[in-house]
Amino acid sequence: MKKKVISILLSVIMIVGVLPFSAAPVFAEESAPQEPVPFVYYNEELKDFSQSVATHYKSVTSSDVEWRDGVYVAKGNITIDNRIWVNGNVYLILTDGCELTVNGGINLNSAESFVILAQSAGSGKLTANGAEHLSGIGGYSGGKTVSIHCGIISAT
């Protein structure tokens, strides 16, 4: 019995040891696979920028009021007049030439992390204008982590 338990334990360790490891961020699969969107992120392990590809994401639309756990991709010119509420872990990818304007600002009260990425360095623009007495990006208690890897960001 003891040999069988040890054998099973060693088998599990060997299987886990050969699983592929990726330094790229892990994204929730919230939607069906779509056209791949490449993006740039800062790789802590390499201390340099790396590239990856998102295949499971939601497209940002002008009617958005909440971004919840997952990857969101902004393409083209989009204006959102509502305040966006971020919940959980949210990754926002700004594609090349994108101009995303959020006139109600981005609220991070329920965010675990909010990560802003771009398709390439110096591309994609996010303008977050807070409403009266509200920040462009933030909230009453703020999120736990905000990371801006690249893109042109303006928050008022």
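Strand S3, residues 58-59, runs parallel to strand S4, residues 66-74, and 2 bridges join them. For one contact to look at, take Ser59, which stands opposite Val73 in S4. Keep in mind that this is a predicted model.

Now follow S4 onward. Strand S6, covering residues 84-94, is joined to S4 by 8 bridges, and these two strands run parallel. If you want to find that pairing on the screen, look for Val71, which stands opposite Tyr91 in S6.

From S6 we go to S8. How many bridges join S6 to S8? There are 10, and the strands run parallel. Asn89 has Ser113 in S8 as its bridge partner.

Let me stay with S8 for a moment. This strand spans residues 106-118. Is S8 mostly covered or mostly uncovered? Mostly covered: of its 13 residues, 10 are buried.

S8 also pairs with two further strands that I want to show, S10 and S11. Strand S10 consists of residues 137-138, and 2 bridges connect it to S8 in a parallel arrangement. Here Ile106 stands opposite Ile137 in S10. Strand S11, residues 146-148, pairs with S8 over 3 bridges, again in the parallel sense. On that side, the bridge partner of Phe114 is Val146 in S11.

To go over the path once more: S3 pairs with S4, S4 with S6, and S6 with S8. S8 then pairs with S10 through 2 bridges and with S11 through 3.

How values were computed. Residues are numbered from 1 along each chain as its sequence is written. This is a predicted model: local features need pLDDT of at least 70, side-chain atom pairs count only at pLDDT 80 or more; totals for chains, interfaces and linings use all residues. Side-chain values use heavy atoms; hydrogens and water are left out. Two strands pair if DSSP finds at least two bridges between them. Helices (H or I, at least four residues) and strands (E, at least two) are DSSP runs, numbered from the N terminus. Buried means under 20% relative accessible area, exposed over 50%, partly exposed in between (1.4 Å probe, protein chains only).
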